[in-house]
Amino acid sequence: MTDHPSLQPYVDAWTESIEAISELVRPLAEGEWNRRTACPGWSVRDVVSHIIGMECELLGDPRPIHTLPRDLRHVVDEPSRHMEIQVDVRRHHTGPEMTSELEYTIIRRSRQLRNEKREPDAEVRDIMPGGSKISLEQQLRMRAFDVWVHEQDLRRALGKPGNLDSQGAAVARDLMVLGLPKAVAKKAGAPPNTAVVFDVSGPVEFMRTVRVGADGRGTVDGSPSLGPAATLSLDWETYVRLAAGRVRADAVADQVKVEGDAKLAKAILENFSVTP
């Protein structure tokens with residue numbers, strides 16, 4: 001247990017997801033590590049490498065000194081280049097090498113989290129390029145979110161669904177909902193004084209309304225709206241895939257029911273991703 005109860009839900013969610021990943025990949029045959037995932041340019045091995053690398057950086061391990069190949073088309077900017085170092089350096093590791101490093105990293109990181117004494121609002125360095133300061137609580141929430149989303153990437157690639165209603169799923173829901181006002185008001189350009197309803201069904205079920213004020217800014221709440229401009233009804237897994245940028249809107253159009261302004265709904269779905 002950490003010293004602060006407000007941090008424990010994120011630690012628990014992270015633990016559940018990363019241990020599930022370890023169980024998923026432990027029995028894989030060598031060829032299965034090369035299966036493609038929905039993350040551009042990344043295989044199962046690459047996703048696990050990314051997870052290991054991020055946790056190692058939080059442990060304070062030095063970043064690998066490594067030169068990336070020039071032909072990685074999915075590496076398009078400094079953040080993707082930064083993340084790719086930890087991935088590419090492990091591209092020739094065998095399955096047993098990957099599982100051993102993952103298991104050892106989980107042991108080390110779990111010990112670090114159990115011994116965490118800092119306050120939730122303590123400033124820590126973001127491990128992404130730029131090194132901006134964020135709170136410890138933000139960092140742990142983002143790690144729980146990232147690991148759960150990648151657990152789902154691996155499950156889809158390996159054909160082993162599960163944990164869509166886990167503790168990590170609840171963290172993901174809350175974070176993804178926070179991105180709705182920007183998607184609706186700013187990216188999709190919903191008119192002022194309108195409302196858009198999202199009705200999500202499945203293992204994680206919720207309804208949220210984004211309201212665009214007279215100033216064009218969006219807010220989100222759980223209250224129903226009378227006469228919304230559009231209502232989008234979809235299942236939880238489709239919501240996750242769209243919000244995490246894992247699938248294009250036109251590829252899942254038959255899984256989203258739209259009522260009201262179809263043009264606005266299309267613009268929202270095309271700008272739905274809340275992850276980099």
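In this predicted model, Asn-163 sits in the loop that links helix H5 (136–158) to helix H6 (167–178). What sets the backbone here apart is the sign of one angle: Asn-163 has a positive phi of about 60 degrees, even though it is not a glycine. Most residues other than glycine have a negative phi. As for how much of Asn-163 shows at the surface, its relative accessibility is 24%, so it counts as partly exposed. Asn-193 gives a second example, with a positive phi near 65 degrees in a residue that is, again, something other than glycine. This asparagine is also found in a loop, namely the one between helix H7 (180–187) and strand E3. With a relative accessible area of 61%, Asn-193 is exposed.

Just past that loop comes the sheet. Five strands make up an open sheet with mixed pairing, and going across it they come in the order E5-E4-E3-E6-E7. Which strands stand at the edges? They are E5 (218–221) and E7 (256–260); each has a single partner strand, so one side of each is left without a neighbour in the sheet. Direction ignored, neighbouring strands are turned by 15 degrees against each other on average.

Two of the pairings show what "mixed" looks like in practice. Strand E3 (residues 194–201) runs parallel to strand E6 (residues 230–235), and six bridges join the pair. Within E6, Leu-234 is the residue that stands opposite Val-200. Strand E4 (residues 206–212) and E5, on the other hand, pair in the antiparallel sense, over four bridges. Here Arg-211 has Thr-219 of E5 as its bridge partner. E4 and E5 also form a hairpin, with five residues between the two strands. In the turn of that hairpin, Gly-216 has a positive phi of about 85 degrees. A helix joins the picture as well: H9 (residues 262–270) lies across E3, E6 and E7. Relative to E7, helix H9 runs at about 140 degrees.

Now for the helices and the empty space among them. Rolling a probe the size of a water molecule over the atoms shows where empty space is left. How many cavities of 30 Å³ or more turn up? The count comes to one, and the largest cavity holds about 30 Å³ of space. Its lining is made up of Tyr-10, Val-11, Trp-14, Arg-109, Leu-113, Leu-140 and Arg-143. Helix H1 (8–25), helix H4 (95–114) and H5 each supply at least two residues of this lining. H1 gives the most, with three residues.

One of the lining residues, Leu-113, is worth a second look. Leu-113 belongs to helix H4, and it counts as buried because its relative accessibility is 5%, which falls under the 20% cut-off. In sequence, Leu-113 and Val-11 are 102 residues apart, yet their C-alpha atoms are 7.3 Å apart in space. Val-11, too, is among the residues that line the largest cavity.

Helix H5 also holds Gln-139. Is Gln-139 buried or exposed? It is buried, since its relative accessible area is 11% and the limit for that label is under 20%. Setting aside neighbours within four places in sequence, Gln-139 is in contact with Leu-58, Val-124, Arg-125 and Ile-134.

Helix H3 (residues 78–88) has a whole set of buried residues: Ser-80, His-82, Glu-84, Ile-85, Gln-86, Val-87 and Asp-88. Helix H2 (44–58) is included in what covers them.

Finally, the cysteines. How many disulfides does the model have? The count is zero. Cys-39 is in no disulfide, and the nearest cysteine sulfur, belonging to Cys-56, is 19 Å away. A disulfide would need the two sulfur atoms to be within 2.5 Å, so a gap of 19 Å rules this pair out. Seen from the other end, Cys-56 is in no disulfide either, with the sulfur of Cys-39 as its nearest at 19 Å. Are these cysteines buried or exposed? Cys-39 counts as buried, at 5% relative accessibility, and Cys-56 counts as buried too, at 7%.

Note on methods: Residues numbered from 1 in each chain as written. Predicted model: local features only at pLDDT ≥ 70, side-chain atom pairs only at ≥ 80, totals over all residues. Heavy atoms only, no water. Pairing = 2+ DSSP bridges. Axes fitted to C-alpha atoms, helices over the stretch in contact; angles between N-to-C directions. Contact = heavy atoms within 4.5 Å. Buried < 20%, exposed > 50% of the residue type's maximum accessible area, 1.4 Å probe, protein only. 1 Å grid on protein atoms, 1.4 Å probe; cavity = no way out; pocket = protein on both sides within 12 Å on 5 of 7 lines; lining within 4 Å. Points joined across faces, edges and corners; volume = space filled by probe spheres on them.
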